[in-house]
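Me: Please take a close look at a single part of this model, namely the sheet and the packing around it, and follow the contacts as far as they lead. I would like the cut-offs stated as you go.

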Amino acid sequence: MSRDPLIKTVTPSRYLQENPPENYIDRLFPGSWINHNFSIWIGHEEDNTAWEILSEAREEVDKFSKDILVDRYFDKLNKDERLVSALEEIYIAEGSDWCWWYGDEHISENAEEFDDLYRKHLINVYKILDKDVPPILLIPIIREDRRCKPTVEITGFISPIIDGEVSNYFEWLGAGFIDVHRCGGVMHRSEGMLQHIYYGFNLDKMFLRFDPVRDFSYFPIPSLIFSVNFLKPQMFNLDVAVSIETMRINAILSKYNNGMKEKGVSLEIPSVAIKKILEIAVPFKNLQAGENEEIAFFVVIKREEMELERYPYKGYISFKVPTPDFEAIMWHV
C-alpha cells in the first residue's frame, strides 16, 4: 500500500495532528452491543457470583501491592514478579465474555470447561500470593439443572408414519414438543431454522420431528447435518445428513466413550424422512436404553463441522423410557 501512488499511508496520531477533531462527545452512553445494556453480563445469580469472587481476588492483589510499597527494599521473595503474575491472572478473569456463558441467556457444550477455567485463574491468584484458596472457588458456578422444560409434555404413545409429512392430526397428538424460541441460545438471533421439536415414543422406539420456520428448500445451504446428541443413559450421536437440493437423507448412529467415537459401534438408521418436516424413529435398544431410564439429548445443526444452531438453546430435552402401563398412568392428562 505504501508503494501505491494513489494511497497515502499515515499513522492514526499523524492523521489526528493534521486533522484535529472539530466536535467532541461529552458523554458515552454505558451499555454493550446487546440490547444497549449490561443484562447479559450482570443480574443473574451465576453472573453475580462470578463478579463477586473476582472482586474479592482483586482486593487481595491490591493488598499485596500495598505491602510491596512498604518492604520492597527488604523483600527476598521477589514479590514484584509475583504481583505481575497475579495481575495477569486477574486481567484474564476480568474479560467480560466469561459472563457470556453464565446465566440463562446462552449455553455451550463447553460451559462447564469455561466455568472450571475461570475459577482456576482466580485460584491461581491466591496460590501466587501464598493465600488460602476460598472454598467457593472449588464449587462450580454453573447450576447443574439444565433440563429444558417442554411447552407440552408427552401424554401418550404415538406411532407416526416416517414420511416427512404430517399425515394426519392424530399421529403426533400424544407427543411432547418444545417451542425452541423459549430458550436462550449461544448467539443472539431473532429467528433460527427450526420453530418446534416434537418428541415421543411407543414401547419400542422414540420419535423425533423437526418443524422448520420455512420450507427446508428455503435454506441457502446445499447440505446440512442434523446432529442429535444423546447424553443419557449412554452417549450416542445420531448424524442425519441432508442434501437440501435433492432432499436425499442418511442417518448414522454412533456410540461415544470418554468423548471418543467407539470403533465398530455405528449403524445406519433407516427410519428417517424429510419433506415438509424432518422425522426420525430410533429403537430404544439401539440407544441401550431400558424402561424408566432417562433419555437426555440436544440437537445441533451443522454445515460440515461448523455448528450453526443448537436446540434447545438452553440445556437438553429429557424423558423416561416408558413402561407398558404408561398410558394407564397418564389417563387423567
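Reply: What follows goes from the strands to the nonpolar packing and then to a helix.

The model is predicted, so local features need pLDDT of at least 70 and side-chain atom pairs count only at pLDDT 80 or more, while totals for chains, interfaces and linings use all residues. Residues are numbered from 1 along each chain as its sequence is written, and side-chain values use heavy atoms, with hydrogens and water left out.

The sheet is open and has five strands in the order β1-β2-β3-β9-β8, paired antiparallel; strands are DSSP runs of E with at least two residues, helices runs of H or I with at least four, each numbered from the N terminus, and two strands pair if DSSP finds at least two bridges between them. At the edges are β1 (176-179) and β8 (272-274), each of which pairs on one side only. On average, neighbouring strands here are turned by 15 degrees against each other, direction ignored, where axes are lines fitted to C-alpha atoms, for helices over the stretch in contact, and angles run from 0 to 180 degrees between N-to-C directions. Within the sheet, β3 (residues 205-212) and β9 (residues 278-283) run antiparallel and are joined by six bridges, with Met 206 standing opposite Val 282 in β9.

Met 206 also leads into the packing, being among the residues with the most contacts inside the largest nonpolar core, which has 45 residues, as are Phe 210, Phe 226, Leu 238, Ile 295 and Phe 297. Such a core is a set of buried Ala, Val, Leu, Ile, Met, Phe, Trp, Tyr and Cys residues joined through side-chain atoms within 4.5 Å, buried meaning under 20% relative accessible area, exposed over 50% and partly exposed in between (1.4 Å probe, protein chains only). Leaving aside neighbours within four places in sequence, Ile 295 is in contact (heavy atoms within 4.5 Å) with residues including Met 206, Phe 230, Pro 233, Phe 284, Leu 287 and Phe 319. A second, separate core of 30 residues includes Leu 87, Ala 93, Trp 98 and Tyr 126.

Leu 87 and Ala 93 are also among the buried residues of α3, with Lys 79, Arg 82 and Glu 89 included too. Seen down the axis of α3, the buried residues fall within an arc of 160 degrees, so they line one face of the helix; the arc is that of the directions from the helix axis to the C-beta atoms. The face turned away from this buried side carries the exposed residues Glu 81 and Val 84.
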